[in-house]
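Please look over the following chain before reading on. The report moves from the whole chain to two of its residues.

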Amino acid sequence: MFRTKKAKKGLSGAVTALILVIASVIIALVVVGFAFGLFGAFGGTPTVTQVGTGYIYTTNGTAVITLHSTGTVTIVSASIVGTSYSAASITGTSITAGQNTVTISFSVPSGYLQAGTPYTISIALSDGQTAQVSVQAIS
């Protein structure tokens with residue numbers, strides 16, 4: 001009697017190796033994405049930093065600042081460091097990833113801010129962090 005060969009069923013060695021290589025590349029990309037914070041919501045809390053020089057006008061106490069953020073966060077409050085002056089109003093409170101221009105108005109008495117003097121503004125964010133920004137007083 002003759003025995004018939006059974007047909008092998010399954011994946012060939014080359015196909016299995018290809019699948020393993022593709023899976024390894026995908027896992028490596030995910031690990032690199034987390035390491036460099038490329039996945040926004042999964043990358044942790046956003047970092048907010050100042051871009052360039054900010055200005056505060058001596059005439060009306062309005063500060064204009066450009067901020068860069070790595071994610072979405074909201075400005076809760078702002079104050080001039082070393083004083084009791086806090087923001088009367090803030091325009092651009094919703095900070096998104098990338099560059100954002102923020103305008104902060106302070107109710108400071110006339111003549112309080114001196115042109116040419118640097119001031120520091122403390123900005124409280126919705127995630128509990130605080131950003132310190134420098135502004136130059138101009139007339």
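## Elements of the chain

A strand, as the word is used here, is a DSSP run of E that is at least two residues long, and strands are numbered from the N terminus. By this definition, Asn100 lies in strand β6, which covers residues 98-106. The model is a predicted one, and its chain holds one helix and eight strands. Read from the N terminus, the order of these elements is α-β-β-β-β-β-β-β-β.

## Surface and contacts overall

Of the 139 residues in the chain, 24% are buried. The chain exposes about 9100 Å², and carbon and sulfur atoms supply 61% of that area. When contacts between residues at least 6 apart in sequence are considered, 56% of them join residues that are at least 24 apart.

## Asn100 in strand β6

Asn100 has a relative accessible area of 10%, and it counts as buried because this value is under 20%. Its side chain reaches the backbone oxygen of Thr96 at a distance of 2.8 Å. Once neighbours within four places in sequence are set aside, Asn100 is in contact with Ile65, Thr66, Leu67, Ser69, Ser94 and Ile95.

## Thr58 in a loop

Thr58 is found in the loop that runs between β1 (48-57) and β2 (62-69). Is this loop residue, Thr58, buried or exposed? Thr58 is buried, because its relative accessible area of 16% is under the 20% cut-off. Not counting residues up to four places away in sequence, Thr58 touches Leu113, Gln114 and Ala115, and also Ala137, Ile138 and Ser139.

Notes:
Residues numbered from 1 in each chain as written. Predicted model: local features only at pLDDT ≥ 70, side-chain atom pairs only at ≥ 80, totals over all residues. Heavy atoms only, no water. Helix = DSSP H or I, 4+ residues; strand = E, 2+ residues; numbered from the N terminus. Buried < 20%, exposed > 50% of the residue type's maximum accessible area, 1.4 Å probe, protein only. Contact = heavy atoms within 4.5 Å. Areas by Shrake-Rupley, 256 points an atom, 1.4 Å probe, with all protein chains shown as cover. Polar contact = N/O pair within 3.5 Å; in protein donor to acceptor, adjacent residues only side chain to side chain.
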